[in-house]
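The following questions and answers concern the structure displayed below. Each answer sets out its reasoning before giving the value or name requested.

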Amino acid sequence: MNGSIIFTINSTDILLPVFMLLMIYLLVATLLKKNYSFGQFTLMLSFTVYFLAMMHLVFFPIEVNLGEYRNLTPWYKSTNFIPVLTIDLKTFMLNIIMLIPFGMYLPFLSRKIRSVKQAARLGFYVSLSFELTQLAVRILLGSGRSTDINDLIANTLGAVIGFLLIREILRISQAQTVFHKFCLEKRAGIGR
């Protein structure tokens, strides 16, 4: 034996138990405490599924490679620090698309998120947490996804586009009615 530990962590090993725990929480909060209406429960359920799907795309599968034959490439050589000039257009577009729903969920989840700047900040923070987690996985477990500043730019842009889309949709009075049925905070709205 060469002293290496090599195995794969699949998304179902982590995300399925997390989903089950979140479902139990949502059901208890809805049925026992009656905190959420059916629309709000549906919103929380769909956001949970979306967020876990996003985690599946960003992190999994994780190839663990510990020991003498682990990935010998230093983390800083698998990290792209050069913005824009190094964009892979397909990956950039997919990263934008991935966070558009996140931006659309924001006004439903909190009434405090009323501006494009706030949506951009939250999109940036979510993307930064993804990129830093990918970096930590690469350093600690010996392999993983590369960390790329262009992903950070694309994800932030996606959150902004999603927020702008939902803001335009909510200018329609019928959409306002639906919005209030699903919104977690009843007095929520977004600025023009």
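Q: Which residues make the nonpolar surface patch of about 630 Å²?
A: The model shown here is predicted. In it, a nonpolar patch of about 630 Å² lies on the surface. The residues that make this patch are Val84, Ile87, Leu89, Met93, Leu94, Ile97 and Ile153.

Q: Which helix gives the most residues to the nonpolar patch?
A: Leu94 is one of the patch residues, and its place is in helix 3. Helix 3 spans residues 89-109 and contributes four residues to the patch. The element that gives the most is therefore, by the angle-free count of residues, helix 3.

Q: Are helix 2 and helix 3 roughly parallel or roughly antiparallel to each other?
A: Helix 2 covers residues 38-59, and its axis lies 11 Å from that of helix 3. The two pack at an angle of about 150 degrees. Angles over 145 degrees count as roughly antiparallel, so helix 2 and helix 3 are roughly antiparallel.

Q: What is the handedness of the crossing where helix 2 passes helix 3?
A: Among the contact residues are Phe47, Tyr50 and Met54 of helix 2, together with Met98, Phe102 and Tyr105 of helix 3. Where helix 2 passes helix 3, the crossing is left-handed.

Q: At roughly what angle do the axes of helix 3 and helix 5 cross?
A: Helix 5 comprises residues 149-169, and its axis comes within 6 Å of the axis of helix 3. The crossing angle makes helix 3 oblique to helix 5. Helix 3 passes helix 5 in a right-handed crossing, and the axes cross at roughly 45 degrees.

Q: Which residues of helix 4 meet Leu99, Phe102 and Leu106 of helix 3?
A: The axes of helix 3 and helix 4 (residues 116-141) come within 10 Å and cross at roughly 135 degrees. That makes helix 3 oblique to helix 4, and their crossing is right-handed. The helix 4 residues that meet Leu99, Phe102 and Leu106 are Ala119, Leu122, Gly123 and Val126.

Q: Is the peptide bond from Phe60 to Pro61 cis or trans?
A: Pro61 is placed in the loop between helix 2 and strand 2 (62-66). Most peptide bonds are trans. The bond from Phe60 to Pro61, however, has omega near -5 degrees and is cis.

Notes
Residues numbered from 1 in each chain as written. Predicted model: local features only at pLDDT ≥ 70, side-chain atom pairs only at ≥ 80, totals over all residues. Heavy atoms only, no water. Patch = residues over 30% accessible without salt bridge, like charges linked within 9 Å, V, L, I, M, F, W, Y side chains within 5 Å. Areas by Shrake-Rupley, 256 points an atom, 1.4 Å probe, with all protein chains shown as cover. Salt bridge = Lys/Arg side-chain N within 4 Å of Asp/Glu carboxyl O. Axes fitted to C-alpha atoms, helices over the stretch in contact; angles between N-to-C directions. Parallel < 35°, antiparallel > 145°, perpendicular 65-115°, else oblique. Left-handed = near helix turned anticlockwise from the far one by under 90°. Contact = heavy atoms within 4.5 Å.
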